[in-house]
Amino acid sequence: MNESLDNYLPVLLQILIAAGFAVATLIASALLGKRARRNEMKDSAYECGMLPIGEGQSRFSVKFYLVAMLFVLFDIEVVFLVPWAVVFKEAVASGATQFFYGMLGFVGVLFLAYLYALNKGALNWKES
Amino acid sequence: MPAYYLEIIVVLLGLAVLTFDAVGRVEDKRSLAGLGVLGLIVVFFLLFKTSKPADPGSVFWKFYATDALAFFFKGIAILTTIVVLLMANDFIPVLQRFGPPVEAKAHPQSGFAEFVALPLFLCAGLMWMASANHLVSIFVSLELVTVTFYVLVAYLRRHELSLEAGVKYLILGALSTGLLVYGLAWLYGATGALDLSGIEGALATTENPLPALFALAFILAAMAFKVGALPTAFWIPDVYQGAPTPVTALLAVGSKSAGFIVLMRLMTPFLKSELLSGKVVAVLAIMAVATLLYGNFAALLQSNVKRLLGYSSISHAGFLVLALASAPSHGGALETPATTVAFYLASYAITALLAFLVLSIVSAARHGDDLNSFRGLAKASPFLALLMLLSMASMAGVPLTIGFWGKFFVFQQAVFSRLWLPLGVAVIGAAAGFYYYFRLIFSMYLETATGADGNPLGKDTLTKIGAGSRIAMILLALAIIGFGFFPGSILALLR
Amino acid sequence: MNQGIEPYLLVSGILFAIGFAGVVLRRNIIVIFMCLEMMLSAANLTLVAFSRHYATPLSTPDYQAHVLLFFIITVAAAEVAVGLAIIVALFRTRRSIDSDSVSALKF
């Protein structure tokens, strides 16, 4: 076996433990619990609580979707920021001074986009 | 000034339009389109002022080509966008009816600034595509164009057809992106390089052609989507019909021309490799034949002018693929294949833009874009009818129009590379083209239109043409005739 | 340690095929869209596998391919944002995201 794969051993262990715990709980509850007889009385809501009506999937406001979309768009910039940050020191040391301003331009465009979203009221939570 | 400043200027122009709209209180938003047009005219002249790269060896120029071809296509992209912005100005009433929902207190023209800024971003993408020389820059510029088109095609959010066209374009466009990316990944796998010169070197010495051919299949299918050639051209009629007319013009001219230069650059390494070129030519020839047959014969049945222009755009793509297929063995032809393709695209750009300008005015005035809207146009507006006549003649390839020379050079290429079967199909296709283009002319001059109430449609609604579009139409018409007499002046730009 | 590139290519090929089949066969536009994203992921996996295959003498992977991969991820995000917006707009007018309902434009 080689060394580099050994590094992943903890990850594998964690996955096994997580999956094992879930399976073990299910098995345990099936073994230890009494066989439930299902009838209409038993499935109905008990004393208090909501009556099960309507669709199983609850609708949620499209506002969430807009915010989530903006989040994804502004979040993904990190994909470029991280490699840039990793090589930043080396690049500047080797004399590439435009390295900094390139990223400044990129972030600047994103900032303008943010202002645009703000101005259009995409981040307004209350209205409409 | 380095060439890539041009793209940066165009992007800044788009951002400026958005910022002015958001921050300043612009009363008449048509001035935003005016700003865009003026800026693009300046950029067009700056095109001739660019300097050669000072350090051609540096990494950046692996991503960015600065040959004559690149500048030629940048010019096409800029001029197309100018015309489209002028069209957008006359399109405001339709936007108000079907565009994004407007709240009561908002500006009545709200939503127009984006309709100006998005074509500007798209123009920057098209310009970058013209120079893209590396798989990364090809992919990014192509996607900038495609994603912007998703928004633009579905821009009339309250219009059923536009929305539906948007969804179709979205699904098929994303599918072609997937195919392209997988193809590019395999091209990298087959060659170990991402810049096209490196790929060319690796393909020239390769011994196992299979991975490269596997990649080629995906890339061709994806690029055929962008240029509207056949395995993946079926979206064109639907999307052309449903999209807002200025966007259709941009889609027909901009997307096709930039797509073809990328296709050309991607095919060059394959065509130069001895092991692969024969197979690639065969595939391209089959594509050309299928595209020509589909485009021309489906166009015969159309009664909607926008769909007709869609099928005609497919058939033009067929001619262009044929020119591409005749690339390696051009032998005694006067022009190189790249020049032929570039010339054909320039001629198509001029001709199609004129057609779409007339179409957008007529369809806005008569609330429809089927053949009936064009009946009796010669009586209602002799000016528009004459322009449409010129444009259709050039599309069909009547001698002494620019369209004739485009087809002439393609046929010449095909003859010299002995592609007899595709050539025969192309000749039949051109003949079929005469039928459906002249049917439109026939309707304009010899029939009378009847409105919904049964009365002939009058001329009253056709007189409102913006000054900008009027100038653009006259210039384009002059270009069709002028370059029809002197095609050499375009060819000179390519040397 | 190198067990070759083939398993990775096989997995990515299967992923791509599943995505493609989903696009062609499924009727729900959201599911179609998810399948499209899967095709992009398949391409990403291919790229990473090949970049390992073309490792430099210092046995670092060929980072050029990683650059393309980053751009693919970003573009995929942009595509999803725009695409979902269009699908939401479609749903608002049609009350349906079945791709068979998108059929007003016909030959």
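Biologist: I would like to begin with chain A, so how many helices and how many strands are there in it?

Modeller: Chain A has 6 helices and 0 strands, and its elements, read from the N terminus on, run α-α-α-α-α-α. Please keep in mind throughout that this is a predicted model.

Biologist: What share of the residues in chain A is buried?

Modeller: Buried residues make up 0% of the 128 residues in chain A. As a single case, take Glu77(A), which sits in the loop between helix H4 (62-75) and helix H5 (78-93) of chain A. Glu77(A) has 16 other C-beta atoms within 10 Å, and because a residue needs 20 or more of them to be buried, Glu77(A) counts as partly exposed. The C-alpha atoms of Glu77(A) and Leu110(A) are 8.6 Å apart, although 33 residues separate the two along the chain.

Biologist: Turning to chain B, how does its radius of gyration agree with that of a compact globule?

Modeller: A compact globule of 495 residues would have a radius of gyration near 23 Å, and chain B, with 22 Å, agrees with that. The C-alpha trace of chain B spans about 70 × 55 × 40 Å along its principal axes, and the chain holds 22 helices and 0 strands. Of the contacts in chain B with a separation of 6 or more, 79% are between residues 24 or more positions apart.

Biologist: What share of chain B is buried, and which residues touch the most other members of its largest nonpolar core?

Modeller: The general idea is that nonpolar side chains tend to be buried together in soluble globular proteins. In chain B, 62% of the 495 residues are buried. The largest nonpolar core has 233 residues, and those that touch the most other members are Val116(B), Val153(B), Ile219(B), Leu353(B) and Leu354(B). Helix H15 (residues 337-366) of chain B gives the largest share of this core, 22 residues. If you follow Leu353(B) and leave out residues up to four places away in sequence, you will find that it touches Thr80(B), Val83(B), Ala249(B), Val253(B) and Leu476(B).

Biologist: How should I read a single helix, for example H10(B), and which of its residues are buried?

Modeller: An α-helix has 3.6 residues a turn, so residues three or four places apart point the same way. Helix H10 (residues 210-227) of chain B has 18 residues and reaches 25 Å from its first C-alpha to its last, close to the 26 Å expected at 1.5 Å a residue. Its buried residues include Ala212(B), Ala215(B), Leu216(B), Ile219(B) and Met223(B). The buried residues of H10(B) pack against H7, H8, helix H9 (196-205), helix H12 (245-272), helix H13 (274-299) and helix H14 (305-325) of chain B.

Biologist: What is the sign of phi in the residue that follows H10(B)?

Modeller: Most residues other than glycine have a negative phi. H10(B) is followed by Gly228(B), whose phi is positive, near 80°. Leu400(B) is a residue other than glycine with a positive phi, near 70°, and it is found in the loop between helix H18 (382-396) and helix H19 (402-416) of chain B. Leu400(B) counts as exposed, because it has 12 C-beta neighbours inside 10 Å.

Biologist: Where does Ser469(B) lie, and what is it in contact with?

Modeller: Ser469(B) lies in helix H21 (residues 467-485) of chain B and is partly exposed, with 19 other C-beta atoms within 10 Å. Leaving aside its neighbours within four places in sequence, Ser469(B) is in contact with Leu86(B), Met87(B), Asp90(B) and Leu357(B).

Biologist: Which elements of chain B give two or more residues to the side that touches chain C?

Modeller: The contact takes 34 residues from chain B and 32 residues from chain C. On the side of chain B, the elements that give two or more residues are helix H7 (135-153), helix H8 (160-191) and helix H11 (235-242), and the largest share, 19 residues, comes from H8(B). By class, this side of chain B has 22 nonpolar, 6 polar and 6 charged residues.

Biologist: What pattern does chain C follow, and what confidence does the predictor give?

Modeller: Chain C has 3 helices and 0 strands, in the pattern α-α-α, and 34% of its 107 residues are buried. Chain C averages a pLDDT of 83, with 83% of the residues scoring at least 70, while the complex is given an ipTM of 0.91 and a pTM of 0.85.

How values were computed
Residues numbered from 1 in each chain as written. Chains lettered and ligands numbered in written order. Contact = placed C-beta atoms within 7 Å. Helix = DSSP H or I, 4+ residues; strand = E, 2+ residues; numbered from the N terminus. Nonpolar A, V, L, I, M, F, W, Y, C, P; charged D, E, K, R; others polar. pLDDT = per-residue confidence, 0-100. Rg over C-alpha atoms; globule rule 2.2 N^0.38 Å. Core = buried A, V, L, I, M, F, W, Y, C linked by C-beta atoms within 7 Å. Expected span 1.5 Å × (residues − 1).
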